[in-house]
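Here is a set of questions and answers about aromatic rings and the contacts they make, written for someone meeting this structure for the first time.

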Amino acid sequence: MNHQEAKSLLSVKLPESSLSLIKVEVFRLSWQGKGYNIIAEETGYDHDYVRKAGSQLWAELTKILEQTVNKRNFRTIMESILQENHQKNIKQPDFPGTTIAFSSPFYIERSSEEARSYNEIMKPGAIVRIKGPVKMGKSSLMHRVADHANSEGMAQVVIDFNKADRKILSDTDLLLKWLCIQTTLQLNVENKLDDYWHDIIGSKICCSNYIEQYVLPQINSPILFIFSDIDVIFDFEDTYKDFFPLLRSWHEESKHNDNFKEIRQLLIYSTEAYTQLDINLSPFNVGLPIELAPFTVEQITQLCHVYGFSWTNDGGMNSPITLILKKLGGHPYLTQLTLYHLSTSEGALESPSAELTNILNNAHRSSGIFGDFLKQLLHLFIGNQHCQQALLRLLNNDTLTRQEISLLENTGIIRMSNDSPVVISPVLIKYLKEHCHA
């Protein structure tokens with residue numbers, strides 16, 4: 001327990017005006033079981049002065065707590081009070097990893113990204129592209145954009161490509177029929193696909209005609225198509241070379257076709273695949289790009305406060321905020337998981353900064369709190385020679401190709417800053433160096 005933590009514990013019950021330097025030091029060192037003579041030696045104060053300050057402190061606590069407090073029993077009493085206050089005042093968070101509820105105080109707003117997304121999605125024929133590695137907050141932002149669109153009277157269709165069978169994903173005709181059927185089911189519109197599907201016309205035109213000529217007139221409002229985990233299609237070359245140009249065509253049609261102005265698109269993906277798709281046919285270079293970045297110092301500080309830790313960004317090398325940023329790089333999920341474990345740890349009541357240091361020092365271990373996440377990350381590299389080679393070149397400070405950057409961005413271990421790759425978290429790199437033999 002450091003001086004600031006001792007002062008924070010005392011401030012739970014005592015006013016700031018009574019927390020003199022000597023009282024805080026007596027409290028801190030007495031908590032460690034040290035006698036007045038040792039406290040005097042370590043602080044440099046006179047022994048009688050230390051003892052007098054201690055007597056005053058115990059008397060003040062006795063009065064305010066309405067029970068006898070002395071040097072022998074104060075720690076037991078304070079631990080009981082702190083535990084009670086912690087349970088009463090701090091809302092128990094859900095375990096991180098899933099979409100964060102709208103009402104949750106543990107969701108950190110990305111004000112700029114949210115505002116721009118809300119504004120753009122209301123424009124005719126709009127495309128909003130939310131990009132970010134796994135566990136960076138894409139789903140939470142997606143749901144908030146969808147909720148805003150819904151509040152504005154917009155109908156919605158969610159196309160989650162993880163729910164499509166590989167047989168469907170590998171066949172453009174089947175995929176577009178699947179999309180059309182998903183659309184009518186979610187909008188509660190009768191399925192009349194057979195009336196609009198003609199093989200000789202081609203599946204892309206059939207799909208577009210079905211949406212424009214049949215579905216839109218049934219709804220009488222704009223439709224927001226949410227394409228979630230669209231990266232999945234990148235594994236099927238023949239499919240993505242047909243599907244992505246279709247999405248681009250809807251956007252282009254909206255410039256001169258009033259019907260297509262009613263179609264809005266929200267694309268959710270980790271990174272652009274290294275494909276040979278013509279840039280004039282790609283939906284990934286039009287519309288509004290929203291790239292989710294790691295948390296800033298201010299956002300980390302805000303999140304710490306929500307979890308009940310009154311740390312400030314004082315710029316000190318060993319301050320909790322600095323340690324979190326240095327070790328985790330602002331990675332949203334890793335930061336949330338760290339603070340979750342810290343807030344539910346009994347050791348954090350006495351010395352949260354010491355417990356934080358312990359967690360971060362063991363963060364790169366498979367047995368640490370990030371174990372499951374690290375194993376999933378390792379799985380992306382094992383068996384993928386291209387990823388391993390890209391990692392080796394990164395570790396050797398070699399210049400990375402566009403494909404290598406794309407691969408490493410997709411895993412979430414780097415981000416681009418000023419056209420240069422930057423490692424997000426040294427914890428992830430340390431783990432991969434120890435377990436991935438590139």
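Q: Which residues do ring pairs link into a cluster with F161?
A: In this predicted model, ring pairs join F161 to a set of other aromatic residues in a cluster. The members besides F161 are W178, F225, F227, F234, Y240, F243, F244, W250, Y269 and F284.

Q: How many aromatic pairs does the count come to?
A: Two rings are taken as a pair if their centres lie within 6.5 Å. By this rule, the count comes to 23 aromatic pairs.

Q: What kind of aromatic pair do F161 and W178 form?
A: The ring centres of F161 and W178 are 6.4 Å apart, and their planes meet at 45°. The pair links distant parts of the chain, with F161 in the loop between β2 (155–160) and α8 (166–169) and W178 in helix α9 (residues 172–187), 17 residues apart. Planes under 30 degrees apart count as stacked and those over 60 as edge-to-face, so the pair with an angle of 45° is classed as tilted.

Q: Is W178 buried or exposed?
A: The relative accessible area of W178 is 14%. Because buried means under 20%, W178 counts as buried.

Q: Where does F243, the edge-to-face partner of F161, lie?
A: F161 and F243 are 5.6 Å apart from centre to centre, with 75° between the planes, and both residues are buried. F161 belongs to the loop between β2 and α8, 82 residues away from its partner, and F243 lies in helix α11 (residues 237–253).

Terms used:
Residues numbered from 1 in each chain as written. Predicted model: local features only at pLDDT ≥ 70, side-chain atom pairs only at ≥ 80, totals over all residues. Heavy atoms only, no water. Phe/Tyr/Trp six-rings, centres within 6.5 Å; stacked < 30°, edge-to-face > 60°. Helix = DSSP H or I, 4+ residues; strand = E, 2+ residues; numbered from the N terminus. Buried < 20%, exposed > 50% of the residue type's maximum accessible area, 1.4 Å probe, protein only.
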